[in-house]
Amino acid sequence: MPRTSDARERLVRSAARLFLTRSYQSVGVEELCSAADVRRGSFYHFFPAKSDLAKAVIDHHAAALFARLDRAADGGAAGGDADDAAARLHAMADAVGEIQAGFEARFGRVVGCPFGNLAAELSTTEDGLREHLAGVFAAWERRLAVLCRAAADRGALRDGADPDLLATILVAQFQGMILLAKTGRSDASQIPRALHQVIAANLREHA
């Protein structure tokens, strides 16, 4: 029998799966409660509205992404030479690729980015969720910008490359490649491959 103590976690995990494989709008509260084996009253105890659950789902995915990116960065900007700085950037591409490959293996297809999917679906209709998603994208860019600035400081970036703009470009490239893979243009393995090319194009030849 399911425990009341983990009802909130079950709701978040069930919603994370359903929103990712289908959509936010197509999944109702009744279905969410059924999938999580939680009573409707418990749902509203934890989440006053469905949008509040969506914010919790965004935070759930963000925590997993940032933990993976932080491990890939392996200490961020502290120490190392140009080769180390370049390797950390490439590790970020691999980390995103591994996440998408994991989704593909679990669901049998590329289901997209949790943040990109919700942004495309809700950014013009749900201001609160749009702002919440914007915060996640900004935090993602900041993590990448730290590594891009470190690469610039160590002489790994090509002359004229703007590290902050490169961080933004990389997030945009992540989203674009994931979207193309989701529509069937490629499988998940092509996502990091394209990202590595973008990174390499902004590095000095020796890096």
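**Notes on an all-helix model**

1. Starting with the contact pattern: of the contacts in the protein chain with a separation of 6 or more, 69% are between residues 24 or more positions apart. Bear in mind that this is a predicted model. The chain has nine helices and zero strands, so reading from the N terminus you just get α-α-α-α-α-α-α-α-α. Its C-alpha trace spans about 60 × 35 × 35 Å along the principal axes, and 45% of the 207 residues are buried.

2. On to the core. The largest nonpolar one has 74 residues, and L53, F115 and W140 have the most contacts inside it. Two or more residues come from each of α1 (7-21), α2 (29-36), α4 (50-73), α5, α6, α7, α8 and α9. As background, nonpolar side chains in soluble globular proteins tend to be buried together. What does L53 touch, leaving aside its neighbours within four places in sequence? Its contacts are L11, V12, A15, L32, F43 and F47.

3. Helix α1 deserves a look. Its end C-alpha atoms are 21 Å apart, and since 15 residues at 1.5 Å a residue should span 21 Å, the two values agree. The helix is mostly covered, with eleven of its 15 residues buried: A7, R10, L11, V12, S14, A15, A16, L18, F19, L20 and T21. Note that R10, S14 and T21 are on that list alongside residues such as L11 and F19. The buried residues pack against α2, α3 (40-46), α4, α5 and α6.

4. Is S14 buried or exposed? This residue of helix α1 has a relative accessibility of 9%, and because the cut-off for buried is under 20%, S14 counts as buried. Not counting residues up to four places away in sequence, S14 touches A35 and A36.

5. Those two alanines also turn up in the α1/α2 packing. The axes of α1 and α2 cross at roughly 115° and come within 9 Å, and the crossing is right-handed. On the α1 side the contact is made by R10, L11, S14, A15, R17, L18 and F19, and on the α2 side by E31, L32, C33, A35 and A36. L11, A15 and L32 are also among the contacts of L53.

6. The α6/α7 pair is the other one I'd check. Their axes are 10 Å apart, at an angle of about 145°, and the crossing is left-handed. From α6, F115, G116, L118, A119 and L122 meet L129, L133, V136, F137 and W140 of α7. So F115 and W140, both named above for their contacts in the core, sit on facing sides of this pairing.

7. Finally, α8. Helix α8 covers residues 163-182, which makes 20 residues, and reaches 28 Å from its first C-alpha to its last, close to the 28 Å expected at 1.5 Å a residue. Its buried residues are P163, L166, A167, L170, V171, F174, Q175, M177, I178 and A181. The spacing fits a general point: with 3.6 residues a turn, an α-helix has residues three or four places apart pointing the same way. The buried set packs against α5 (82-107), α6 (114-122), α7 (127-153) and α9 (190-201).

8. Both ends of α8 have something to look at. At the start, a side-chain oxygen of D162 reaches to within 3.0 Å of the backbone nitrogen of D164. After the helix comes G184, with a positive phi near 95°.

Notes. Residues numbered from 1 in each chain as written. Predicted model: local features only at pLDDT ≥ 70, side-chain atom pairs only at ≥ 80, totals over all residues. Heavy atoms only, no water. Helix = DSSP H or I, 4+ residues; strand = E, 2+ residues; numbered from the N terminus. Expected span 1.5 Å × (residues − 1). Buried < 20%, exposed > 50% of the residue type's maximum accessible area, 1.4 Å probe, protein only. Contact = heavy atoms within 4.5 Å. Polar contact = N/O pair within 3.5 Å; in protein donor to acceptor, adjacent residues only side chain to side chain. Core = buried A, V, L, I, M, F, W, Y, C linked by side-chain atoms within 4.5 Å. Axes fitted to C-alpha atoms, helices over the stretch in contact; angles between N-to-C directions. Left-handed = near helix turned anticlockwise from the far one by under 90°.
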